[in-house]
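Student: I should like to take a close look at one part of this predicted model. Could the salt bridges, and the strands around them, please be described in one connected account?

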Amino acid sequence: SNILPPYDFWRSVSAPSRDRPLQLNDNQPFTVVQRIKINGTFFPQVTYEDKNELCEVSLKSKRGENSSEMETKISVKNTLIKPEDYVKFRDMIVKWYSKFKLKED
């Protein structure tokens, strides 16, 4: 079972490649942070961080006695993604998305 990331990039990165630039957020850099605490449900314990010149992503979760907490963050510095950088950007987002799971495999 998966949960959703704090920002829906999938519509922007669903294509495997692009022949024109991808413009995000009217070319304004942005950061989105989401914090979730759920009682009675447990996220797998995860610490994941990745960054490059285009963006930074992270996901951290921890378990309490009867709850789990997760914090996820994405910062996009350069919001005009050139066609030659698109695959690198997409791969980072796809890998980050793969970390959003409620239970361990």
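Tutor: A definition is required at the outset: a residue is called exposed when its relative accessible area is over 50%, buried when that value is under 20%, and partly exposed in between. With a relative accessible area of 64%, Arg35 is therefore exposed, since the cut-off is over 50%.

Arg35 has a partner in Glu71: the two form a salt bridge in which the closest N and O atoms are 2.8 Å apart. Arg35 belongs to strand S2 (residues 30-39) and Glu71 to strand S5 (residues 67-76), so this pair ties together parts that are 36 residues apart in sequence. Glu71 has a relative accessibility of 29% and therefore counts as partly exposed. The search of the whole structure finds five salt bridges, and two others are described below.

Strand S5, which holds Glu71, leads to its neighbour S4. These two strands pair in the antiparallel sense over nine bridges, and a hairpin of three residues joins S4 to S5. One of the bridges can be named: Ser58 has Lys73 in S5 as its bridge partner.

Strand S4 is also paired with S3, again in the antiparallel sense, over five bridges. Here too a hairpin makes the connection, and three residues carry the chain from S3 to S4. Across this pairing, Tyr48 stands opposite Leu59 in S4.

A salt bridge also connects these two strands. Lys60 and Glu49 form it, with their closest N and O atoms 3.5 Å apart. Lys60 lies in strand S4 (residues 55-63) and Glu49 in strand S3 (residues 47-51), and the two residues are eleven apart in the chain. As for accessibility, Lys60 has a relative accessible area of 40% and is partly exposed, whereas Glu49, at 55%, counts as exposed.

The loop between S3 and S4 contributes Glu53, which is linked to Lys88 in helix H2 (residues 83-97), 35 residues apart. Lys88 and Glu53 form a salt bridge whose closest N and O atoms are 2.5 Å apart. Both partners fall in the middle class of accessibility: Lys88 is partly exposed with a relative accessible area of 39%, and Glu53 counts as partly exposed at 47%.

Taken together, the description runs from the link between S2 and S5, through the antiparallel pairing of S4 with S5 and of S3 with S4, to the link between helix H2 and the loop between S3 and S4.

How values were computed
Residues are numbered from 1 along each chain as its sequence is written. This is a predicted model: local features need pLDDT of at least 70, side-chain atom pairs count only at pLDDT 80 or more; totals for chains, interfaces and linings use all residues. Side-chain values use heavy atoms; hydrogens and water are left out. A salt bridge is a side-chain nitrogen of Lys or Arg within 4 Å of a carboxyl oxygen of Asp or Glu. Helices (H or I, at least four residues) and strands (E, at least two) are DSSP runs, numbered from the N terminus. Buried means under 20% relative accessible area, exposed over 50%, partly exposed in between (1.4 Å probe, protein chains only). Two strands pair if DSSP finds at least two bridges between them.
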